[in-house]
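Visitor: Could you take me in for a close look at the sheet in this one? I'd like to hear how the strands sit together, and then what the aromatic rings are up to.

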Amino acid sequence: GDGHYRTSTLGKALHDALTELNDQGRLQRGVEEMVWQQFDRATSQAMAGDGALGPDQGHNESLSKWYSNTKMTVKGHLHMFRGVDNKWTLCLTDANVKVESGSSSESVDVESLRIDAAPPLSNTA
């Protein structure tokens, strides 16, 4: 992967966790880079095309059902947005992210949220 998602909230959390483990001497040589390579590959695949439900991911009935029955709502104050070459960046403050699936619902409030969005890559050559 190209490391593009390392600056996402998830990437920053992984960085903090790896730094803490490294500072404690609990990571063997080379493990951190292997973790980053896997993170880059997994996030790039998940964000491209059909993501985790793509044909190369194998068929997962429960994941397909969850994906098709899940709604995510993001609310917040739009602090900044930018669109360049059909790639969009939105920065929200005092945001709430709510995920509803069937009868269950989870919600989290965050001080700031950055959303990077782009159309799926074309599978045609």
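Guide: Let's start with a bit of vocabulary: two strands count as paired if DSSP finds at least two bridges between them. Keep in mind as well that this is a predicted model.

With that in hand, here's the sheet. It is an open one, built from three strands in the order β1-β2-β3, with antiparallel pairing. β1 covers 70–84 and β3 covers 104–117, and these two stand at the edges. Each of them has a single partner strand, so one side of each has no neighbour in the sheet. On average, neighbouring strands here are turned by 10° against each other, if you ignore direction. As for what holds such an arrangement together, strands of a sheet pair through backbone hydrogen bonds, and they can do so in parallel or antiparallel fashion.

Now zoom in on β1 and β2. They run antiparallel and are joined by 13 bridges. If you want a spot to click on, try R82, which stands opposite T89 in β2.

Next, follow β2 along to S101, since that strand spans residues 87–101. S101 has a relative accessible area of 18%, and because the cut-off for buried is under 20%, S101 counts as buried. Its side chain makes a polar contact with the side chain of T70, at 3.3 Å. S101 also sits 5.9 Å from N69, C-alpha to C-alpha, although 32 residues separate the two in sequence.

On to the rings. Searching the whole structure turns up two aromatic pairs. One is W36 with F39: the ring centres are 5.5 Å apart and the planes are at 90°, so this pair is edge-to-face. W36 and F39 both belong to helix α2 (residues 31–47), three residues apart, or about one turn of the helix. Both of these residues are buried.

F81 and W88 also form an aromatic pair, this one stacked, with 6.5 Å from centre to centre and 20° between the planes. How open are these two to the outside? F81 is exposed, at a relative accessible area of 54%, while W88 counts as partly exposed, with 40% relative accessibility. If you're comparing the pairs on screen, remember that a pair of aromatic rings is described by the distance of the centres and the angle of the planes.

Note on methods: Residues numbered from 1 in each chain as written. Predicted model: local features only at pLDDT ≥ 70, side-chain atom pairs only at ≥ 80, totals over all residues. Heavy atoms only, no water. Helix = DSSP H or I, 4+ residues; strand = E, 2+ residues; numbered from the N terminus. Buried < 20%, exposed > 50% of the residue type's maximum accessible area, 1.4 Å probe, protein only. Polar contact = N/O pair within 3.5 Å; in protein donor to acceptor, adjacent residues only side chain to side chain. Axes fitted to C-alpha atoms, helices over the stretch in contact; angles between N-to-C directions. Phe/Tyr/Trp six-rings, centres within 6.5 Å; stacked < 30°, edge-to-face > 60°.
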